[in-house]
Amino acid sequence: MKRIYFVIALCLAVSNLDSEMLDKFTITVIDSALDVLHLKQDELGFEKALVKDDTFKLNIVDKILHDPLYLADYNEQNEKVLTNQNTDPSKLMEFSAVQLDLELSKQINIDQKFNINKPFENFISSLDECEPLRKQFYAKLDSLELHDLIMSIPTLWSDEKDSLNTDLKYSLQNEFNAYIDTSRTVNEDRILDIIKKLDRAAFYDAGVSYYKSLWKLFGFFKKFKTKLPENKISINGVKGDILYHEKTQFGEMIIGGYSNNEYNRDFAVIVDLGGNDIYRNRAGGAIGELSNAYSAVIDLDGYDYYLNESKLITQGAGFLGFGALIDEKGNDVYRGNNYSQGVGIFGLGLLYDKQGKDIYRSGFFSQAAAHVGSGFLIDKGEEDDQFFSTIWAQGIGAVFGYGALYNEGGDDSYRTGGAVYHSPLLPNDYQSFSQGFGIGWRPRAGGGIGILYDRSGNDFYNGEVFCQGTSYWYSLGMLMDNDGNDCYNAVQYAQGAGVHLSIGSLWDKKGDDKYHSRNGVVGGTAHDFSVGMLVEENGNDHYMVSGGYGTSLTNSFALFIDKSGNDMYATWEPYSLGAVRDARGYSGCGIFLDLEGSDYYFSNTFADNAKIWMNEDWAIGIDLDRDISKESVENKIKEINLTKKDSLRSLEKLYIDASLWEVGSNREKVARAKKAFISRGMDAVEYVCSEKLSTRSGLEMRLIRKLAETYPDSISRKLIQNLNSEKIEIRKNCISLLGTTKEKIAVKPLLKMLDYSVNEEIFGHIITSLGKIGDSTAVQKIIGFAKDNAEFVRLNSIIALKRIKDDKALPTLVESLEDSLFTIRSASVRSFSYFSNDLASKLLIDYVNNNNSSYPELGVLALSHIYSNLDDSLNINDENLKKSIIRSLRNFYISKNFRVRKAVVNALWKTKEKKQQKWIVKKMKQENNKIVRAMFEQIKN
């Protein structure tokens, strides 16, 4: 095939791919792709905040959702800081605080002088100044809130089905003989309310000063260790030589000698000068209120073993305090339990290993994990390291958390999974939530920032479900790899994927890399108001997945870029390689770019080497040199026959089972419970309307909607009674359910709600339900909202007018083709498939012919929708309308606007009339525009 050049052709001869994630040439190609789609960069920031976050969402998450290409700049910022400031952990803590929207103010002056005879003197003085700020962190909590926080931590990130949860639940209080009220239960909302009372800025002020002082202490011992007194002291809980021991108000501080020591209990500070040592204690695990709020290990030499697989918060982890483990030399082994190895959980934590061939093993929420705090695992050596964890690990940021794993070099292995099945959806695969992962607490709280950054080496990333630069719910996950022939292996949701109002990024700079995932969503793909980006800079790379790579699913922005190399792409789903799947009545945007090399694509896609292809209207693929989701086939559920046992179950228990995820092994259980619940009739309606209207659970709402569909008249009257509830969640749910019932009695009260500004936040929900009910008396009111400032209100207005199908809405729908946002324009285009009449056709023809129209090609596309809707009609008037549309389409082809001609080619070919197709073939002989010809080649084939 002849090489295709278009707007960017002039750049090819002079382009040099820079080290920037999105260099100038790449931006040029992105802009060219957007130009073909008739979009601007700022339109990619269409509204994605579908659910309002309760003050926990980070500014950077908001910024990138509204400016997706800024994600590249943010990757570079973090790369630079992690590269240049990892030698001073206080700088990392300071940087992370800023990313978590904190302003630090209190700077503690740290004395530079050290006394050989009193080596901890200045360090203790700095702690004296840190302590008031550390306590200020949770000073506003009452005793019961503090009790609940401590009680919740052991199981906060555990799997709720884990049989060990009962043992874990009170483990911290039991260990330290603290009071426990076993009658109390603590849920996420309780924890989130507690978080809002914490003074995080003061805590970071103290933390930055602590790590700065600790680093100076580290430097002092490295410089003067040979000048320390060689006293040998016997200390309880330690085997081997101890040179110094001091009891302080912050705990015991000791210095171990050059022999092989074994540490069996906790200390505030352990400095060990050498030897192959064994640490069976917390090894820099800090636990405020219960034990040492400041805890550090500084080990200067030796092949060391850090072995504690029974206790929580170990090996450089902090809870209500600051933990640190610094190991200067040696091939070390780290074996920890949950909350270990560089974890900040309501605290700050650091594990810093400067050199050696190291092995890290841990449980859940470990290896650079953070929740209301920061957690860093820094491995500076060039040797080969191994990282093994179960779940929630290897660079994860949760609510108000920044977790980063930085690895300097070596051929490294990263593995997570093997503990918690992703059941019932993938009952034979494990969850990871790791390797550069951000996670929020749906539906109330946004999450944090999780980063895995490996500088060099042939690395192996092995995760399963949710991993490798991915995120969930208002959070940000990033994986960066600078060099090496790397292998990325996953099962689903991975490799630069944003999922549910979230942002995911994977940036690999060099090497012949392999990307594999058995299922999407992966590879610069985004799902549900999200942003996903994968940038692969150099190398001959292999990509294999069921579907993905630059694919926008359900109103998202997705970007995949492979800058150079001879690459192979293997996918077998229609939503792949620059594709978009619409939802909610409008589109997203997906871009796939391969910028250089001789590439191979499986033959089942539009994609090919040296070709441009378009998957739907706002998706594009470009290689320089398709709406059916292919889901796994499941056995049909046998017909459910209710039994006496089903009838004896309480409504509450039936509701719980009927609200589970109806997939996999759960399908029959949920179907039975749902049928039994709905069979209860008015009892079920009364139960829902009195107990469950405030739910935030999407799964519960599925059940309630089914109930509303079954008993629309009965439930509608009760829903209307709750429209004035003080709780906005109740009002929202009632409005939504009234749309489900489609009962006309709801129209007047819903229209009345639009008159009051107190409902402004839910105008879009009201309009949506009016559209679903479909009463034309609402049209005029809805038209008034079609130009609202809020994107979602405008969108819902267009979609509602489409559903009502009243001709009075047609002028408004045509006007919306001029909207400043492509999401509105896409909804308007699609609405015309519901208006197959002369008036709609005439208004669109006038729009296309109007020289002042900004998007005349959309008028052509809308006419094509009208034609398609008439395709099977035998009505004589419809036949005449079809002929009129074809005459107009042909006339539009004289346009100088290549986008109009491209749309005409597509529209006429889709009529499937041989006469029109022959006409197009003839016109193509004189057509010079490469984009128009590309469209022709695509539809012809």
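This passage walks through a few helices of a predicted model, along with one glycine in a loop.

Helix α6 is a good place to start. It covers residues 121-136, and at 1.5 Å a residue its 16 residues should span 22 Å. The end C-alpha atoms of α6 turn out to be 24 Å apart, which agrees with that expectation. Still, α6 has a kink of about 35 degrees, placed at Cys-130, shortly before the proline Pro-132. Cys-130 is also one of the buried residues of α6. The others on that list are Asn-122, Phe-123, Ile-124, Ser-126, Leu-127, Glu-131, Leu-133 and Arg-134. As for what sits over these buried residues, the cover includes a helix, α11 (200-224), and several strands: β2 (242-248), β3 (251-256), β5 (269-272), β8 (294-299) and β11 (322-327).

Helix α11, part of that cover, can be put through the length check too. With 25 residues at 1.5 Å each, α11 should span 36 Å, and its end C-alpha atoms are indeed 36 Å apart. Of those 25 residues, 19 are buried, so α11 is largely enclosed by the rest of the structure.

Next come two helix pairs. In one, α4 (residues 70-84) packs against α5 (residues 89-99) at an angle of about 160 degrees, and their axes are 10 Å apart. Since angles over 145 degrees count as roughly antiparallel, that makes α4 roughly antiparallel to α5. The crossing of α4 past α5 is left-handed. On the α4 side, the residues involved in the meeting are Tyr-74, Asn-78, Val-81 and Leu-82, while α5 brings Leu-92, Phe-95 and Gln-99. As a bit of background, an α-helix has 3.6 residues a turn, so residues three or four places apart point the same way.

In the other pair, the axes of α25 (residues 838-849) and α27 (residues 876-892) come within 11 Å, crossing at roughly 5 degrees. That makes α25 roughly parallel to α27. Here Asp-838, Ser-841, Ile-845, Val-848 and Asn-849 of α25 meet Leu-881, Ile-885, Ser-888 and Phe-892 of α27.

Finally, there is the glycine. Gly-681 sits in the loop between α14 (667-678) and α15 (682-691). Is Gly-681 buried or exposed? Its relative accessible area is 9%, and anything under 20% counts as buried, so Gly-681 is buried. Between Gly-681 and Leu-751, which are 70 residues apart along the chain, the C-alpha atoms are separated by 29 Å.

Key
Residues are numbered from 1 along each chain as its sequence is written. This is a predicted model: local features need pLDDT of at least 70, side-chain atom pairs count only at pLDDT 80 or more; totals for chains, interfaces and linings use all residues. Side-chain values use heavy atoms; hydrogens and water are left out. Helices (H or I, at least four residues) and strands (E, at least two) are DSSP runs, numbered from the N terminus. The expected span of a helix is 1.5 Å times one less than its number of residues. The bend at a residue is the angle between axes fitted to the seven residues ending there and the seven starting there. Buried means under 20% relative accessible area, exposed over 50%, partly exposed in between (1.4 Å probe, protein chains only). Contact means heavy atoms within 4.5 Å. Axes are lines fitted to C-alpha atoms, for helices over the stretch in contact, and angles run from 0 to 180 degrees between N-to-C directions. Angles under 35 degrees count as roughly parallel, over 145 as roughly antiparallel, 65 to 115 as roughly perpendicular and the rest as oblique. A crossing is left-handed if the near helix is turned anticlockwise from the far one by less than a right angle, and right-handed if clockwise.
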